[in-house]
Amino acid sequence: MPDQKPLTQPERQRLLEGWLPLAQEANIQYGWALDAPALEAMILQAAPALAQAHSSFEARAILWVTYQLQQHEHDR
Amino acid sequence: MTNAGGGIKRSSWLTFRRRRLLVRALLRGPATSAELIGGINAELGEQGYPEAAAAALKHDFDALKGEYGCQIDYDRAARRYHLADLGELALLDLPNSCMEALAFLEASFPEGSGLTEHANLRALLERVVLLLPTARQAQHRKRRSAIRLGVGAGGRRIDSDTLAIVKRAVEERRELAFDYLGTFDIDQPRRHRVAPYGITFRPEGHGYLDATLLDVTPKGGEAIHAAIDYRLDRIVAGSAAVLPTVLSPIRPAPPSYRLRYTLVAQVARRRDVAAYFPHTAISYHDDGSATVTAMVTNLWQARQILLRYGDACLVHEPSELVDLFRKTAAGLERLYL
């Protein structure tokens with residue numbers, strides 16, 4: 001996102017609606033087994049970086065890194 | 001230490017160094033004996049291969065095979081040697097996190113994808129895997145086999161200048177105008193003026209601009225203030241321009257719909273139904289089927305996603321989406337029945 005202001009409900013809706021198909025495919029592809037709330041949380045965490053993505057591959061890589069960071073936080 | 005002992009030690013070291021260079025040369029790719037000898041002599045000068053180099057080269061190959069378990073194959077047609085397995089010289093090992101990253105790249109750039117831009121990445125991946133010890137290679141292959149889908153490769157290339165202009169408009173929160181060739185624009189693109197809010201990518205590889213339509217010339221079927229996902233590769237290259245007008249603080253909210261659909265037991269019985277929409281809630285039933293509810297604003301996208309289930313999915317609401325499915329079903333009937 002261009003700024004760090006909290007998202008309004010419509011902004012949040014469009015953001016999630018836009019990225020969930022790719023995030024869900026990555027969820028299946030990499031065997032994360034994340035449920036719906038966890039996927040939404042991952043997209044919200046990754047949103048600033050996703051806004052800079054230039055391709056679906058780059059976006060997948062951003063989601064993958066976000067997942068790894070979340071796992072790392074979880075393991076600590 | 002005697003002179004003779006020192007001489008043997010130096011000779012052994014030179015032999016080891018020559019063989020190490022030989023392996024390194026083969027890691028760069030298949031090579032003829034002349035290329036290998038030339039490359040090693042260029043490195044070692046007088047201490048490289050002697051006059052009768054072919055016999056010495058063969059001796060080095062035998063030593064690499066016998067002492068380190070290297071597998072070096074000879075392609076008779078091309079007259080080239082090829083390093084198939086490093087054996088005990090597989091000196092690269094990686095932490096588990098890097099092995100995960102390797103699996104990610106493997107999944108994203110699968111073998112046989114046929115895309116030329118993937119070719120070099122495939123070569124790099126294969127080379128890195130070759131450097132891993134056998135057990136790690138086996139671990140990697142096992143992980144790779146568990147990954148089924150590759151990166152999407154659909155769609156035309158997105159014009160990089162267009163993408164930069166769109167991103168600038170999003171970041172500066174300014175209106176954007178561009179010529180767009182939509183699905184139903186057969187001949188000529190039309191000029192769209194929009195409020196741009198973000199860029200997303202879908203699994204099939206297409207990139208989209210999420211924008212609110214402000215004006216379009218000539219007019220079409222689009223509703224002003226509708227939220228539209230514009231395919232970035234369909235924006236005519238060279239036509240995008242950031243306009244001076246700054247976006248209003250609050251985006252006109254597109255209509256939001258409660259989505260409810262049922263998936264038959266064949267799809268849902270494993271209780272791993274995917275969440276493709278915001279606020280997804282899934283209820284599994286005793287007969288194995290599942291009812292899914294969610295919130296959506298983009299009915300076209302919802303239809304595209306749910307169509308993947310074929311006749312295993314029944315949409316109950318919103319009625320606007322049910323109508324879209326009826327139209328699709330009528331079209332399919334015309335085509336097939």
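**Reading a two-chain model**

Modeller: Let us begin with Pro218(B), which lies in the loop between β5 (207-217) and β6 (227-231) of chain B. Please keep in mind that this is a predicted model.

Biologist: Which form, cis or trans, does the peptide bond from Thr217(B) to Pro218(B) take?

Modeller: The bond from Thr217(B) to Pro218(B) is cis, and its omega is near -10°. A cis bond also joins Glu317(B) to Pro318(B), with omega near 5°. Pro318(B) is found in the loop between β11 (313-317) and α10 of chain B.

Biologist: I should like to read phi next. What is the sign of phi at Arg79(B)?

Modeller: Arg79(B) is not a glycine, yet its phi is positive, at about 55°. Its place is the loop between β1 (71-75) and β2 (80-85) of chain B. His279(B), also not a glycine, has a positive phi of about 60°. This histidine sits in the loop between α8 (265-268) and β9 (281-284) of chain B.

Biologist: Is Arg79(B) buried or exposed? And how is His279(B) classed?

Modeller: The reading rests on counting neighbours: a residue with 12 or fewer other C-beta atoms within 10 Å is exposed, and one with 20 or more is buried. Arg79(B) is exposed, because it has 12 other C-beta atoms within 10 Å. His279(B) has 16 C-beta neighbours inside 10 Å and therefore counts as partly exposed.

Biologist: Where does Phe104(B) lie, and is Phe104(B) buried or exposed?

Modeller: Phe104(B) belongs to helix α4 of chain B. It is buried, because 21 other C-beta atoms are within 10 Å. Leaving aside residues up to four places away in sequence, Phe104(B) touches Tyr30(A) and Trp64(A).

Biologist: Those two partners are in chain A. How many residues does each chain give to the contact?

Modeller: In general, the size of an interface is often given as the accessible area lost when the parts come together. Here we may count residues instead: 31 come from chain A and 37 from chain B. On the side of chain A, the elements giving two or more residues are α1, α2 and α3. Of these, α1(A) gives the most, with 16 residues. By type, the side of chain A that touches chain B divides into 17 nonpolar, 8 polar and 6 charged residues.

Biologist: How many residues does the largest nonpolar core have?

Modeller: It has 41 residues. Those with the most contacts inside it are Trp19(A), Leu20(A), Ala23(A), Ile43(A), Leu63(A) and Phe277(B). At least two residues each are supplied by α1 (9-29), α2 (36-50) and α3 (56-75) of chain A, and by α4 (96-108), β8 (257-263), β10 (290-296) and α9 of chain B. The largest share, 7 residues, comes from α1(A).

Biologist: How should I describe the packing of α1(A) and α2(A)?

Modeller: Two packed helices are described by the angle between their axes and the distance between the axes. For α1(A) and α2(A), the angle is about 110° and the axes are 10 Å apart. Angles of 65 to 115 degrees count as roughly perpendicular, so α1(A) is roughly perpendicular to α2(A).

Biologist: Which residues in α1(A) meet which residues in α2(A)?

Modeller: Leu15(A), Leu16(A), Trp19(A), Leu20(A), Ala23(A), Gln24(A) and Asn27(A) in α1(A) face Leu39(A), Glu40(A), Met42(A), Ile43(A), Ala47(A) and Leu50(A) in α2(A), and the two groups meet. The residues of this contact divide into 10 nonpolar, 2 polar and 1 charged.

Biologist: At what angle do α9(B) and α10(B) pack?

Modeller: Helix α9 (residues 299-306) and helix α10 (residues 319-336) of chain B pack at about 55°, with their axes 10 Å apart. That angle makes α9(B) oblique to α10(B). The crossing of these two helices is right-handed. Leu299(B), Ala302(B) and Arg303(B) in α9(B) meet Glu320(B), Leu321(B), Leu324(B), Phe325(B) and Thr328(B) in α10(B). This contact divides into 5 nonpolar, 1 polar and 2 charged residues.

Biologist: Finally, how many helices and strands does chain B have?

Modeller: Its secondary structure comes to 10 helices and 11 strands. Buried residues make up 23% of the 337 residues in chain B. Of the contacts in chain B with a separation of 6 or more, 56% are between residues 24 or more positions apart.

Terms used: Residues are numbered from 1 along each chain as its sequence is written. Chains are lettered from A and ligands numbered from 1 in the order in which they are written. This is a predicted model: local features need pLDDT of at least 70, side-chain atom pairs count only at pLDDT 80 or more; totals for chains, interfaces and linings use all residues. Axes are lines fitted to C-alpha atoms, for helices over the stretch in contact, and angles run from 0 to 180 degrees between N-to-C directions. Helices (H or I, at least four residues) and strands (E, at least two) are DSSP runs, numbered from the N terminus. Angles under 35 degrees count as roughly parallel, over 145 as roughly antiparallel, 65 to 115 as roughly perpendicular and the rest as oblique. A crossing is left-handed if the near helix is turned anticlockwise from the far one by less than a right angle, and right-handed if clockwise. Two residues are in contact if their C-beta atoms, placed from the backbone, lie within 7 Å. Ala, Val, Leu, Ile, Met, Phe, Trp, Tyr, Cys and Pro count as nonpolar, Asp, Glu, Lys and Arg as charged, and the others, Gly among them, as polar. A nonpolar core is a set of buried Ala, Val, Leu, Ile, Met, Phe, Trp, Tyr and Cys residues joined through C-beta atoms within 7 Å.
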